[in-house]
Amino acid sequence: MHILIRNILIGVLTVLVIGTGVWAYQEHQEKNAILINAENNYQRAFHDLTYNIDLLHDKIGTTLAMNSRTSLSPELAEVWRLTSVAHSQVGQLPLTLIPFNKTEEFLSKIGDFSYKTAIRDLEKEPLTEDEYNLLQSLYEQSAEIQNELREVQYLALKNNLRWMDVELALASGKESADNTIIDGFKTVEKTVEGYSETDTGTIFTSMEKKEANYNDLPGEEISKEEALNIAKKYTKVTSSNKTKVESNGKGSDYEFYSVSILHDDGEVNMDITKKGGYPIWLINDREVKGANISLNEASIKASQFLKERNFKNMELFESAQYDHIGVFTFVTNLNHVRIYPEAIKIKVALDDGSIIGFTAEEYLGTKKIREIPKPKITEEEARKNINSKVKVMESRLAVINNRSKEEVLTYEFLGVLNNDTYRIYINAETGNEEQVIKLHNAEPIYEDIIEGKA
Amino acid sequence: MKVKKWVLLFLITGICFFLIRDSEIQRVSAFSNQVIQIGATGDDVIELQSRLQYLGFYNGKIDGVFGWGTYWALRNFQYEFGLKIDGLAGPTTKAKLVKASKYHESFVKENIRKGNKFTHYGGTDINTQVKTNKKATTQKQTTQSQSQGTQPKTTTSTKTTATNVPNGFSQNDIQLMANAVYGEARGESYVGQVAVAAVILNRLDSPSFPNTVSGVIFEPGAFTAVADGQIWLTPNETARKAVLDAINGWDPTGNAIYYFNPDTATSAWIWSRPQIKRIGKHIFCK
């Protein structure tokens, strides 16, 4: 009897042990497959990256030797494309925690420069001596990056280095650990850092967003109490349970206070510049219950709000309704010229028409006393430069930021082509087409479409 | 026998009552009092589009969103009828429109609800202007009100079939960002969520980061919610609204491109970034 039980037990246990073993083996296999898959994705991005940097270096070299304008432009466009591809490949590698942003900035600056020169009419405006020298130095710099990346690539191939280890090292916070790949990328970064100090002057300004600088705003520095009062004035919150005013951290480019006011329905948050006490943004987080007023009434409330707070010459530019909230964009209108960089956005709750959001970030960054130059060409002349298929519906003068982020005076035309509406900006000095923007139509709600089909 | 008679009588009165009520609705429901302007959504816009289409000014889809197509149609109407051309549907314009056109409200709303393709041109029998969505035989009645938790303005309110999206972003981009924001910051205040969305957008503009929403979100190691799969939780309405605010230009972070939770951050490097401010549990930095 005992023997029988013992045998059964042994049998059951053996089956269990074998079963666990098989299961564990399968799990292990699956895990390995997934790891290899992830590793391969990293490897692919890495080798693609080095390949593209190789190509990039060669292409910059080719442009140096080129003379004919007709071949130069396509080659510069190719450089631009390669930087963009390389940029996206860097984004696929687990480099987030390694300082590698200088290299990425370097890539995108090469991209910006080659793009700007590629779209330029090089017949009329050939490369200047400075630009040529810049290309020359870009060529040398890209050679160094190429060399270092190749070195990392060689070591990675030779020693079977895995990107998964890089990821693990970074995730565990041991990025200082001895890891060839990490070290290699750090060296690349150091090399690039070296050039940016001896930067090549003004031509190499990138197209990135200009940093907002509110330090030059007129006015006296305000205190925390004053900041709180401004916030109350802006929101008309009377009953507040708890208020808090905090100063900005050390890393900010400009000085500001963050005010928060808890009230019965929610919370108001607002940032105010220390100098002059200007509102940067405001969000009143509360539930909006239904829509009782129209978008049109709400836009009137928004423009009253601006007037009462001494924002002069603001004109409604865009409006959109999202559920029970109206969002409005206002821009300065100076003697019938729209100044698009000076934009303020306002969010109005459609239940009671109160202002629940405000942002003047762009406005404060660009607001200044302006002399609008007289346009050098007439509207009629500008109109001739528009695609003849576009039917022009509206026109006016406007100041915009062009693709190189410079402010230019333009004629703005609102035109229709087939079923789409476009904003077209023609430079009022040169007659160049500065920008064409296709305006979005409302998007169908896909859930409905899918549901309809289900 | 008697019972049968009563039932019949009851039915007839019932039907009469409904007919009267129905025609009454048709009459009074010609627009609410609002001035309709570009960007608006809802019942009035559906009526506006239907009436403009009836007269042949509007050839787009009747979707309940006052977009550019509707705007030009309205202006053409105002031009043809000698009204002030301002692209706003005010009292005069609406009165003129109501006088000049017909609006088959039940037809339009029925077809919108069923997801049929239809038009509303005058001069032809409207019943020939429907392309029935064959697969939609089992119609869903649940999607009546615009969003959960809020009361529609009137009981006849129909859901619009389109929606406003900020230029440059699709609903799917917004959804993906809402997923990221929800996974990363669902415990944070509303402003804290707008801030996380704003960081994603600041990264789009920054040369050190990828140039697409998906590129930024899925950059290896960039967001913990992506690494541990929390991004695939279903986001709530708050996260979506926070994303919309951020896209519309609200940036509570002062141009931050990094943020971290000081209690859980493992990397020493992140502490070396210049810090701008703290919102809730997150420190935002350059």
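Trainee: Which residues are buried in helix 5 (residues 105–114) of chain B?
Mentor: Keep in mind that this is a predicted model, where local features need pLDDT of at least 70, side-chain atom pairs count only at pLDDT 80 or more, and totals for chains, interfaces and linings use all residues. Residues are numbered from 1 along each chain as its sequence is written, while chains are lettered from A and ligands numbered from 1 in the order in which they are written. A residue is buried if 20 or more other C-beta atoms, placed from the backbone, lie within 10 Å of its own, exposed if 12 or fewer, and partly exposed in between. In helix 5 of chain B (helices are DSSP runs of H or I with at least four residues, strands are E runs of at least two, both numbered from the N terminus), the buried ones are B:V108, B:N111 and B:I112.

Trainee: Why do those three count as being on the same side of helix 5 of chain B, and what arc do they cover?
Mentor: The arc is taken from the directions from the helix axis to the C-beta atoms. The three sit on the same side of helix 5 of chain B because the arc they cover around the axis is only 105°.

Trainee: What do the buried residues of helix 5 of chain B pack against?
Mentor: Think in contacts, meaning two residues whose C-beta atoms, placed from the backbone, lie within 7 Å. Just after this helix, B:G115 takes a positive phi of about 75°. The packing partners of the buried residues, all in chain B, are helix 2 (43–54), strand 1 (117–118) and strand 2 (130–131).

Trainee: How much of chain B counts as buried?
Mentor: Chain B holds ten helices and six strands. Of its contacts with a separation of 6 or more, 55% are between residues 24 or more positions apart. Out of 286 residues, the buried share is 45%.

Trainee: Which residues does B:L176 touch, leaving out those up to four places away in sequence?
Mentor: B:L176 belongs to helix 6 (residues 171–185) of chain B, and it counts as buried because it has 20 C-beta neighbours inside 10 Å. From B:L176 to B:I217 is 41 residues in sequence, but 8.6 Å in space, C-alpha to C-alpha. The residues touched are B:V213, B:S214 and B:I217.

Trainee: Which helix gives the most to the largest nonpolar core?
Mentor: A nonpolar core is a set of buried Ala, Val, Leu, Ile, Met, Phe, Trp, Tyr and Cys residues joined through C-beta atoms within 7 Å. The largest one has 121 residues, and B:V194 is among those with the most contacts inside it. Neighbours within four places aside, the contacts of B:V194 include A:I283 and B:W250. With ten residues, the top contributor is helix 7 (residues 190–205) of chain B.

Trainee: How many bridges join strand 3 of chain A to strand 4 (residues 279–286) of chain A?
Mentor: Strands pair if DSSP finds at least two bridges between them. A:N269 stands opposite A:I283 in strand 4 of chain A, and the two strands form a hairpin with five residues between them, where A:G276 in the turn has a positive phi of about 85°. They run antiparallel, and the number of bridges is seven.

Trainee: How many residues of strand 3 of chain A are buried?
Mentor: Strand 3 (residues 266–273) of chain A also runs antiparallel to strand 2 (residues 256–263) of chain A, through eight bridges. A:Y257 stands opposite A:I272 there, and the hairpin of strands 2 and 3 of chain A has two residues between them. Strand 3 of chain A is largely enclosed by the rest of the structure, because the buried count among its eight residues is six.

Trainee: Which residue of strand 3 of chain B is the bridge partner of A:P444?
Mentor: The chains meet through 67 residues from chain A and 69 from chain B. Strand 13 (residues 443–444) of chain A and strand 3 (residues 162–163) of chain B run antiparallel, joined by two bridges. Opposite A:P444, the partner is B:A162.
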